[in-house]
Amino acid sequence: TAQLVKRVAHYLTDQTRFWVVRARVSAGQVSGLSTLLGGAYIGIDPVEKGERTSSYAGLEIPPVVTTDEPGRHFMLHADELGSLEVGGPIYFRKIRVGEIVAYELDNNGRSVDIEIFIQAPHHERITTNTRFWDTSGIDVSLSASGLEIETSSMVSLLIGGIGFENPPGQEPGNPVEDGAVFDLYAKRSEAFAKSPASTSQWLLNFTGSVRGLEVGAPVEFRGIKLGRVTDVKLLVDPDMANLRIPVLIEIAPQQIKLIGETEAFYHSTDFENKQHIFWNQLVAKGLRAQLKTGSLITGALFIDLDLHPKAKQQSIVWEGEYPELPTIPTPLEELSNALSNALQKFEQLPLEKMSEEIQQALAALSRSAVQLEALMLNLNKKVAPELGATLTQTRKTLGAATKTFSTAEQTLKTAEEAIAPNSTLQLEIQGLLRELRSAARSIRVMADYLERHPESLIQGKRGNR
């Protein structure tokens, strides 16, 4: 029971709030320290609007914002609360401009409604195009630019917080009234992601492992994001004869710009037929869907659409709830299949029979080597002495023949000097001398050859040497 002075009677409405003021530490702020010395007391948030009443339910927690503070209240709709708490900060360009006032589950219990308060004059920055996102914790992203870490402040890191901005490069939008409802995104990149006006659903069937593929994974064409994965399931035949994993994706047609009359293509009356023709042509040229690794660290997968001209001819299956795009296995799966086929062929080879034949061939080769070695020993014992004697005799004969021809050459030279220069005899003698020189050279060649190849006296001359 409390007694108030008369001049505050007009504040006793059903919207007025009472609570016990005591020392509190919450949301990174300390309040009510004076009660440590003077004791606790009752606080009031007076409101003139509403019906008169004299009975109130005191608040267990003091209100974050009183009614006399200038600004506006807004509602945020989120899938889950996360680490947000009452009194958590609201940031605009990392400047604190408001607080989280309250939160509760919606009627069906599937989402959370969060009430926030934005102080004046910052509440005027809230328009129909404003985006809100959760700044709680640390936002870590790994991209081609490197590792990026983003957080608003130490307070939001510990107790959570919310940030808001208008999309850059767009019109600010129209002003909103007190109590306007907005969506709360999980992070800033999602808040500013372009929401396509329309999307087309496609079905992809994979037979290999899809470990690392999650709902929300991107669908790309040569690095350009065209859509995302919306569902991943497993379909099994009752007889377990066929296993396949259907993956449902959505693609924003507006992400593909056609050269020419693009607007006429997307807004024509026969757009569906034109779309069928367009995708059929791409698939005929080798368009296939393939799983690829987006990050070697996390092992996350994404859907890659690309042209594979050497791929087996396939076509789109337009029947069914969703059109089905053809897929191809990953390079690792192709290598695994090739190795598996090679191993199967290797297992079919008659390895035992081949091993026996190789052993028999090696044994025959070993016997032939022994026989050849024995033959060489016999040749050394029998042929070598005879060949040595013949070689010695041949050398003596060749030496005598060489000496004889040298004497004959000297004699002819003397006779040549005694004969007149232009006589017939001299010419005949000169011809004879030429023949003798030729014969002498031939004998020298033969002698040299026999000296280098004495075995030719027995075996004869073999081939060109």
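Strands β15 and β16 form a hairpin, with two residues between them. In the turn, Arg 222 has a positive phi of about 55 degrees. This is a predicted model, and what follows describes that model. The two arms of the hairpin, β15 (residues 218-221) and β16 (residues 224-232), pair in the antiparallel sense over four bridges. One position shows how they match up: Pro 218 has Arg 228 in β16 as its bridge partner.

Strand β15 has another neighbour as well. With strand β20 (residues 301-307) it pairs in the parallel sense, over three bridges. Here Glu 220 has Asp 304 in β20 as its bridge partner. Strand β15 thus takes part in an antiparallel pairing with β16 and in a parallel pairing with β20.

A similar description can be given for strand β9. Strand β9 (residues 131-134) is joined by four bridges to strand β12 (residues 162-165), and these two run antiparallel. Within this pairing, Asp 134 stands opposite Ile 162 of β12. Two bridges also join β9 to strand β13 (residues 181-185), and in this case the strands run parallel. Trp 133 stands opposite Tyr 185 of β13.

The next topic is charge. Side chains of opposite charge can pair when their charged atoms come close. How many salt bridges does the model contain? With a side-chain nitrogen of Lys or Arg required to lie within 4 Å of a carboxyl oxygen of Asp or Glu, the count comes to eight salt bridges.

One of them is formed by the side chains of Arg 17 and Asp 45, at 2.5 Å from N to O. Arg 17 belongs to strand β1 (residues 17-21) and Asp 45 to strand β4 (residues 41-45), so this pair ties together parts that are 28 residues apart in sequence. Are these two residues buried or exposed? Arg 17 counts as partly exposed, at 26% relative accessibility, whereas Asp 45 is buried, with a relative accessible area of 1%.

Another salt bridge involves strand β12, already met as a partner of β9. Arg 93 forms a salt bridge with Glu 165, and their closest N and O atoms are 3.9 Å apart. This pair links distant parts of the chain: Arg 93 sits in the loop between β6 (89-92) and β7 (95-105), Glu 165 sits in strand β12, and the two are 72 residues apart. Arg 93 counts as exposed because its relative accessibility is 57%, where exposed means over 50%. Glu 165 counts as buried because its relative accessibility is 11%, where buried means under 20%. Salt bridges that share partners join Arg 93, Glu 165 and Arg 188 into one network.

A further salt bridge is the one between Lys 233 and Asp 231, with the closest N and O atoms 3.7 Å apart. Asp 231 counts as partly exposed, at 26% relative accessibility.

Charge also appears in another form, as a surface patch. Which residues gather in a patch of positive charge? They are Arg 434, Arg 437, Arg 441 and Arg 444, on the surface. Arg 434 lies in helix α8 (residues 424-452). Arg 434 is exposed, with a relative accessible area of 52%. That value allows Arg 434 to be part of the patch, because patches are made of residues with over 30% relative accessible area and no salt bridge.

Definitions and conventions: Residues are numbered from 1 along each chain as its sequence is written. This is a predicted model: local features need pLDDT of at least 70, side-chain atom pairs count only at pLDDT 80 or more; totals for chains, interfaces and linings use all residues. Side-chain values use heavy atoms; hydrogens and water are left out. Patches are made of residues with over 30% relative accessible area and no salt bridge: like charges are joined within 9 Å, nonpolar side chains (Val, Leu, Ile, Met, Phe, Trp, Tyr) within 5 Å. Accessible areas come from the Shrake-Rupley method with a 1.4 Å probe; for residues, only the protein chains shown count as cover. Lys and Arg count as positive and Asp and Glu as negative; His and the chain ends are not counted. The place of a charge is taken as NZ of Lys, CZ of Arg, CG of Asp or CD of Glu. Buried means under 20% relative accessible area, exposed over 50%, partly exposed in between (1.4 Å probe, protein chains only). Two strands pair if DSSP finds at least two bridges between them.
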